Amino acid sequence: MNVDDYQRIKRKLLGGEQVRQYVVNFKKLNGKKIVALLNAQKLVNEIGELVLHWTALDISERVEFERNLEQKNLQLAKINSQMEKFLYSASHDLRSPLTSIMGLVNLTRLHTSDRTVMEYVEKIELSAERLDAIIRDIISFSKTTYKNIHSEKIEFDTQIWKVVNAHRHNENFNRLNVEIVIRGGAAFYSDRDRLEIILENLIRNAIQFSDAAKVRPFLHILVNMVPEHVTIEVHDNGIGIARQYFDQIFNMFYKASSQSRGAGLGLYIAKEGIEQLGGDISVQSEVGFGSVFKVCIPNSLKGKLINRKNQLKNEAVEH
């Protein structure tokens with residue numbers, strides 16, 4: 001302990017004050033520095049002498065831990081800032097050239113009827129679409145990994161149709177019978193962006209892997225809201241998934257079908273987002289018959305409190 005600290009504590013004690021949880025730095029005889037919490041008080045011993053009683057608790061490890069934690073928090077804040085810049089770059093700088101390529105593809109179609117040229121144009125378009133899908137997956141992965149969870153009220157009818165309508169340009173969409181059913185009147189609060197990413201990946205897969213041989217291909221989405229959680233079921237009668245792949249389809253970069261146009265991140269991103277919201281996902285599927293993905297996500301604390309308040313209000317009215 002340095003002289004200034006000692007004199008300061010001594011003055012407090014002699015002035016009748018007690019010293020509690022006072023942080024001081026000590027230096028051991030071997031030269032090692034420690035940080036301690038000091039308790040001190042003024043006492044009179046058995047022979048009537050005034051003494052100062054000191055008790056010190058070594059908190060060096062805790063201080064070092066807190067210092068390391070602060071450094072990690074600063075590093076995490078830096079990483080989050082870098083990811084925000086990356087997301088902006090990926091969604092603007094990387095996709096802008098693809099938009100230009102697709103524009104040139106459409107112009108070429110308008111100005112040529114040469115079959116060979118058109119074959120090249122279709123290949124360029126297909127490659128650009130695949131690259132765009134990969135970029136979108138990377139953006140979604142970054143959002144689900146680094147973005148803080150923000151809870152707000154979810155209107156499922158609006159949210160789901162927004163995702164479905166974004167795929168109307170898909171060649172498989174026009175053949176699909178799309179049905180969306182929302183059940184339950186509970187208020188549900190969750191992270192809107194993550195929920196949209198989850199729905200996007202499940203719905204996109206159902207559309208992409210629809211079965212062209214089926215007479216009546218369909219996509220049915222059932223949402224059931226109760227005060228504690230929501231369940232979302234995405235049904236399709238597409239090409240289906242073999243049972244031996246069930247444990248692998250949620251892995252990063254895994255593709256269970258040659259029809260996949262992305263990077264194999266879709267279901268991995270969906271599962272990551274669901275788990276971050278405290279939920280879970282399961283699948284039932286048969287090759288040739290289609291698939292059912294079932295998602296269960298707990299209501300946020302805000303949603304649960306609102307539902308409980310509404311329940312009490314209804315009970316009061318009934319009585």
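Biologist: Which residue in the turn of the β2 and β3 hairpin has a positive phi?
Modeller: This is a predicted model: local features need pLDDT of at least 70, side-chain atom pairs count only at pLDDT 80 or more, and totals for chains, interfaces and linings use all residues. Residues are numbered from 1 along each chain as its sequence is written, and side-chain values use heavy atoms, with hydrogens and water left out. Strands (E, at least two residues) and helices (H or I, at least four) are DSSP runs, numbered from the N terminus. Five residues lie between β2 and β3, and the one in the turn with a positive phi, about 85°, is G48.

Biologist: How many bridges pair β2 with β3?
Modeller: Two strands pair if DSSP finds at least two bridges between them. β2 and β3 (residues 50–58) run antiparallel. One bridge joins N39 to T55 in β3. The number of bridges is nine.

Biologist: Which residue in β2 is the bridge partner of K27?
Modeller: β1 (residues 19–27) and β2 (residues 33–44) are antiparallel, joined by seven bridges. They form a hairpin with five residues between them, and G31 in the turn has a positive phi of about 95°. The partner of K27 in β2 is K33.

Biologist: What is the strand order in the open sheet of five strands?
Modeller: The pairing in this sheet is mixed. β5 (177–183) and β9 (280–286) each have a single partner strand, so they stand at the edges with one side lacking a neighbour. Direction ignored, neighbouring strands are turned by 10° against each other on average. The order is β5-β7-β8-β10-β9.

Biologist: Which residue in β8 is the bridge partner of N224?
Modeller: Strands β7 (residues 218–225) and β8 (residues 229–236) run antiparallel. Seven bridges join them. In β8, N224 is partnered by T231.

Biologist: What angle does the direction of helix α4 make with that of β5?
Modeller: α4 (residues 156–165) packs on the sheet and touches β5, β7 and β8. Contact means heavy atoms within 4.5 Å. Axes are lines fitted to C-alpha atoms, for helices over the stretch in contact, and angles run from 0 to 180 degrees between N-to-C directions. Here the angle is about 160°.

Biologist: Which residues make up the covered face of β9?
Modeller: In a regular strand the side chains alternate between the two faces of the sheet. The uncovered face of β9 holds D280, S282, Q284 and E286. The covered face holds I281, V283 and S285.

Biologist: Which residue in the hairpin of β9 and β10 takes a positive phi?
Modeller: β9 and β10 (residues 290–298) pair antiparallel over seven bridges. One of the partnerships is I281 with V295. Three residues lie between the strands, and the residue with a phi near 90° is G288.

Biologist: Why does the pair of F156 and F188 count as tilted?
Modeller: Rings of Phe, Tyr and Trp (its six-membered ring) pair if their centres lie within 6.5 Å; planes under 30 degrees apart are stacked, over 60 edge-to-face, and the rest tilted. The centres of F156 and F188 are 5.6 Å apart. Both residues are buried (under 20% relative accessible area; exposed is over 50%, partly exposed in between; 1.4 Å probe, protein chains only). The pair is tilted because its planes stand at 40°.

Biologist: What is the angle between the planes of F250 and F293?
Modeller: F250 lies in the loop between β8 and α6, and F293 in β10, 43 residues apart. F250 is buried at 11% relative accessibility, and F293 is buried at 6%. Their rings are 6.4 Å centre to centre and edge-to-face, with planes at 90°.

Biologist: At roughly what angle do the axes of α5 and α6 cross, and which residues meet there?
Modeller: R194, I197, I198, N201, L202, R204 and N205 in α5 meet G266, L267, I269, A270, G273, I274 and Q276 in α6. The axes of α5 (residues 192–208) and α6 come within 9 Å. They cross at roughly 145°.

Biologist: How far apart are Q82 and Y268 in space, C-alpha to C-alpha?
Modeller: Q82 sits in helix α2 (residues 60–111) and is partly exposed at 44%. Y268 is among the buried residues of α6. The two are 186 residues apart in sequence. In space the distance is 23 Å.
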